[in-house]
Amino acid sequence: MTQAGVLVTRGLATRRLPWGNVDEFGTAVVLVGVVAFLVTLHRSRESRRPGLFVADPQL
């Protein structure tokens, strides 16, 4: 959960929500995608196809 650590430390350092620029917003979007994928994977272990969609923005 590197994205979560980045968002928390960036928010603490700037004393605001870390959505002020494109890099911070992109990190937040990737974090939401990873969490959504993990919830989907936990509910149905047969559904691994969205993994490529989640991994692609991180490359």
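**Group meeting talk: three helices and a salt-bridge network**

Okay, starting from the N terminus, the elements of this chain run α-α-α. So that we're clear from the outset, this is a predicted model. The chain has three helices and zero strands. There are 59 residues in the chain, and 24% of them count as buried. On contacts: if you take those with a separation of 6 or more, 31% come from residues 24 or more positions apart.

Let's look at the first pair of helices. Two packed helices are described by the angle between their axes and the distance between the axes. What are those values here, for H1 and H2? Helix H1 covers residues 2-14 and helix H2 covers residues 22-43, and their axes come within 9 Å and cross at roughly 140°. Anything over 145 degrees would count as roughly antiparallel, so H1 is called oblique to H2. As for handedness, H1 passes H2 in a left-handed crossing.

Which residues in H1 and H2 meet each other? On the H1 side you have Gln3, Ala4, Val6, Leu7 and Arg10, and on the H2 side Glu24, Thr27, Ala28, Val30 and Leu31. Sorted by class, the contact of H1 with H2 has six nonpolar residues, two polar ones and two charged ones.

Now stay with Ala4 for a second, if you have the structure open. Ala4 is found in helix H1, and it counts as partly exposed because its relative accessibility is 24%, where the cut-off for buried is under 20%. Across in H2, Val30 is 26 residues away from Ala4 along the chain, and their C-alpha atoms are separated by 9.7 Å. You can do the same with Val32, which also lies in helix H2. Val32 and Ala4 are 28 residues apart along the chain, with 9.6 Å between their C-alpha atoms. Val32 itself counts as exposed, since its relative accessibility is 59%.

Next, the charges. Side chains of opposite charge can pair when their charged atoms come close. How many salt bridges does the structure hold? It holds two. In one of them, the side chains of Arg10 and Glu24 meet at 2.4 Å, N to O. That pair links distant parts of the chain, with Arg10 in helix H1 and Glu24 in helix H2, 14 residues apart. Arg10 and Glu24 are also both on the list of residues where H1 meets H2.

Arg16 forms a salt bridge with Glu24 as well, and there the closest N and O atoms are 3.2 Å apart. Because the two salt bridges share a partner, Arg10, Arg16 and Glu24 are joined into one network.

So is Glu24 buried or exposed? Glu24 counts as buried, because its relative accessibility is 7%. The arginines come out another way: Arg10 is partly exposed, with a relative accessible area of 36%, and Arg16 counts as partly exposed at 36% relative accessibility.

To wrap up, if you keep two pictures from this predicted model, I'd go for these. One is H1 and H2 crossing at roughly 140°, in a left-handed crossing. The other is the salt-bridge network of Arg10, Arg16 and Glu24, with Glu24 buried at 7% relative accessibility. Thanks, everyone.

Definitions and conventions
Residues numbered from 1 in each chain as written. Predicted model: local features only at pLDDT ≥ 70, side-chain atom pairs only at ≥ 80, totals over all residues. Heavy atoms only, no water. Axes fitted to C-alpha atoms, helices over the stretch in contact; angles between N-to-C directions. Helix = DSSP H or I, 4+ residues; strand = E, 2+ residues; numbered from the N terminus. Parallel < 35°, antiparallel > 145°, perpendicular 65-115°, else oblique. Left-handed = near helix turned anticlockwise from the far one by under 90°. Contact = heavy atoms within 4.5 Å. Nonpolar A, V, L, I, M, F, W, Y, C, P; charged D, E, K, R; others polar. Salt bridge = Lys/Arg side-chain N within 4 Å of Asp/Glu carboxyl O. Buried < 20%, exposed > 50% of the residue type's maximum accessible area, 1.4 Å probe, protein only.
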